[in-house]
Amino acid sequence: MRILFVSIFTILSAAIAAQNNTIPPRVNICVYGGTSAGVMAAYSAAKLGKTVVLIEPGNRLGGLTSGGLGFTDIGNKYAISGLALDFYRKTGAHYGRFEQWIFEPSVAEQLFKNYIKAAKVPVVYNFQLKDVKKKRNKIAGIFIEPTERAGGRPAYLEADIFIDCSYEGDLMAKAGVSYHVGREGNAVYKETYNGVQLMNKHQFPDGIDPYKIPGDASSGLLWGISNTALATTGSADRKVQAYNYRICLTNDPANRIPVTRPPGYDATKFELLLRYIRQANIQSIKSVLKLDQMPNHKTDINNNGPFSTDMIGWSNDYPEASYNKRKQLLNALELYNKSLLYFLGHDSRLPATIREQMLEWGYPKDEYTNNHHWTPQAYIRESRRMIGAYVMTQHNCQGRETVTDGVGVAAYTMDSHNCQRIVIEKDGVKMVKNEGDVQIGGFAPYPISYRAITPREQECNNLLVPVCLSASHIAYGSIRMEPVFMVLAQSAAVAACLAIDNSRTVQQIDVAAVQQKLQADPLLDGTPPDLIIDDADTDQVQFSGDWKRQTQGSYGPSMMLANTPDATARFLLPATTEGRYDVYLYLPRIKDAAREIKITVFDGVETTGHLVSAEAVKVLGQTSGEWHHIGNFNLKKGRQPYLQITAAGNGGTIAADALLLQQKR
């Protein structure tokens, strides 16, 4: 009966495809999930000449990048390459800059649509995965069904290779691939920051009573507090770090819709927040909301402090929940976030300063116009994590273990939000605490193994998973950034195309060929790659005077600092490179920076001088610095061309960090 059912389903879907070209019966590569990663995977596959389809259960492209997270979590720009970097440069072009890492949701969405349009990728919106048909360890096809908001009928789709770019890893799971939910114990991978962790970031101060009637345990716990006992540090559980929404608001009166009381509002959920505000004497909205400024008077609001937009303890059931259950959970999360905004602006028990500051903000009329001006994308920080051919761990993050098959680079702090809100006893006093927040950084960018985006071959040999990749909980906290997902998705698509071209499984392809393709043709359209000269390239950078190496706040692993007037750094440009180039110098934020930097450029024949004012460098967003355009130069045959920097004679510290040459086509 099963075989007959599949055959009938295949015939039916083929008939549907004949009437509607958006659901083809067969393609080379099927991408599931229209996240930022999904867009880049589908675009890459199409640019490499493969037939491709992108399945998106919602009706919006870009996932979280177009869903409110405009204050990009970068870590280090060195980690961002290929089409991901192209996206941020296209964003920069929109705002009149070389690159830009902060942006409005609608701008990001339009850029993702442009990629899809340019590559002529068919997108199937509002269809979700129903089931997977496998033949031994290979996915033969997938059954998809319309969501509640969509019309149409179920369909069956076959492909040579599948790429799961969803935040939940649904395709991976239904394909029978091993995965983990929650936190491993430290002992599993010999880590120190996995498992249960009671730390001090986003934490309540001592002494805040957890009970409805203070001091009376019989009155019950306040909303949001669990009665779970604190387990041993580093022990395993199935708890999942908290989700929230990255909220776009505006303080432009002409574009502002007031925050109103949402149906189902319950002010009792915020009693604990009131106690925290009173005890800590909070007077500013910024102590409750991380209110990052976006262009055009808009925000990207994230969690801040012990009680904020994170709905702690709510996310544990989400990864493996049914679609209907997830919808209920997401509705609850949306209600919580909207209720918090209303509470902060209207509850008379709050300080007037907080209420006044909150009332300056409202929903933007020009964002999310088909979803009542609220993002449809929740911040699913972590869901399922594949247990693949290689597991990335804390040891990779901190450089104690490295890989040679890297197809992406991560650089962010090992970052986990809180997983539970509990009661502890300290000095005989019961008090509320959050548990699970970990933020450990201080390490250099590190490579992500290709094997971490491939399942074990015996489980599935034609699936790639660049989002719910194979990593421990704490390592995933470092890798799980939108730009990195885009990089890994492009790598996955290149690998998928090689597998098809060479009749190999995804585990058998030549990873060196993937690396070479990404390096030689990062945009997959023949655009020459950037030429980067880093301070650590000792054969291309000459220093004179007193320089000191610093490994924090740099582009790449390090930068060199000097504060003496005789110190110079000379970046040697490739003598064999001829042609016209835009030349950019990376200028990081540094303490006691010189007011001006003197730049000397020798193009092989002539020498020109330039002065760069520190005030002219506008560093926007979560980044250590910016690329500053020095000029456009025609590099000629002759003697060794170079760019040299020195202080302009007015004191202060200068940095020699990195140089970028971009060839004009």
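Trainee: What covers the buried residues of α2?

Mentor: The cover includes β1 (26-32), β2, α3, α4, β6 (155-164) and α12. Keep in mind that we're looking at a predicted model.

Trainee: Which residues of α2 are buried?

Mentor: They are S36, A37, G38, V39, M40, A41, A42, Y43, S44, A45 and A46. Each of them falls under the 20% cut-off for relative accessible area, so each one counts as buried.

Trainee: And what makes α2 "largely enclosed"?

Mentor: Look at the count: 11 of its 12 residues are buried, so the rest of the structure largely encloses α2.

Trainee: How do you know that the span of α2 agrees with what a helix should reach?

Mentor: Take 1.5 Å a residue for the 12 residues from 36 to 47, and you should get 16 Å. The end C-alpha atoms of α2 are 17 Å apart, which agrees. After the helix comes G49, with a positive phi near 90°.

Trainee: You listed α12 as part of that cover. How does the reach of α12 from its first C-alpha to its last sit against the expected value?

Mentor: With 20 residues, α12 reaches 29 Å, close to the expected 28 Å. Here too the helix is largely enclosed by the rest of the structure, because 17 of the 20 residues of α12 are buried. Just after α12 you'll find S503, which takes a positive phi of about 55°.

Trainee: Let's turn to single residues. Why is N337 called buried?

Mentor: Its relative accessibility is 0%, and the cut-off is under 20%, so N337 counts as buried. You'll find N337 in helix α8, residues 323-346.

Trainee: Which residues is N337 in contact with, leaving aside its neighbours within four places in sequence?

Mentor: Those are N244, Y245, I247, T309 and W374. Contact asks for heavy atoms within 4.5 Å, so each of these five passes that test with N337.

Trainee: On to charges. What makes R60 and E109 a salt bridge?

Mentor: Their closest N and O atoms are 3.1 Å apart, and the limit is 4 Å, so the pair qualifies. R60 sits in the loop between β2 (52-56) and α3, while E109 is in helix α4 (residues 105-119). That makes them 49 residues apart, so this pair links distant parts of the chain. R60 and E109 are both buried.

Trainee: Why is D206 with K433 counted too?

Mentor: For D206 and K433 the closest N and O atoms are 2.6 Å apart, and the limit is 4 Å, so they pass. D206 lies in the loop between α6 (186-189) and β8 (211-213), and K433 lies in strand β18 (residues 429-435), so the bridge ties together parts 227 residues apart in sequence.

Trainee: Are D206 and K433 buried, exposed or something in between?

Mentor: D206 has 37% relative accessibility, which puts it between the 20% and 50% cut-offs, so D206 is partly exposed. K433 has 8%, which is under 20%, so K433 is buried.

Trainee: How do D546 and K548 come out?

Mentor: D546 and K548 form a salt bridge, with the closest N and O atoms 3.3 Å apart. At 41%, D546 counts as partly exposed. K548 has 52%, and over 50% means exposed, so that's the label for K548. There's also a network in which salt bridges sharing partners join K77, R89, R97, E99, D530 and E626. The whole structure has 38 salt bridges.

Trainee: What about empty space? What volume does the largest pocket have?

Mentor: About 1300 Å³. It is lined by 43 residues, and S81, G82, L518, Q519 and P522 are the closest to its centre. Among the elements giving two or more residues to this lining are α3 (82-94), α12 (482-501) and α13 (511-520). The most comes from α3, with 6 residues. By class, you get 23 nonpolar, 11 polar and 9 charged residues in the lining.

Trainee: And what makes up the lining of the second largest pocket?

Mentor: This pocket holds about 1100 Å³ of space. Its lining has 34 residues, with P57, G58, R149, L330 and P376 nearest the centre. Here α8 gives the most, 7 residues. The classes are 11 nonpolar, 14 polar and 9 charged.

Technical notes. Residues are numbered from 1 along each chain as its sequence is written. This is a predicted model: local features need pLDDT of at least 70, side-chain atom pairs count only at pLDDT 80 or more; totals for chains, interfaces and linings use all residues. Side-chain values use heavy atoms; hydrogens and water are left out. Helices (H or I, at least four residues) and strands (E, at least two) are DSSP runs, numbered from the N terminus. Buried means under 20% relative accessible area, exposed over 50%, partly exposed in between (1.4 Å probe, protein chains only). On a 1 Å grid over the protein atoms alone, a cavity is a set of points where a 1.4 Å probe fits but cannot get out, and a pocket is an open set with protein on both sides within 12 Å along at least five of seven lines; lining residues have an atom within 4 Å of a point. Grid points are joined across faces, edges and corners, and a volume is the space filled by probe spheres set on the points. Ala, Val, Leu, Ile, Met, Phe, Trp, Tyr, Cys and Pro count as nonpolar, Asp, Glu, Lys and Arg as charged, and the others, Gly among them, as polar. A salt bridge is a side-chain nitrogen of Lys or Arg within 4 Å of a carboxyl oxygen of Asp or Glu. The expected span of a helix is 1.5 Å times one less than its number of residues.
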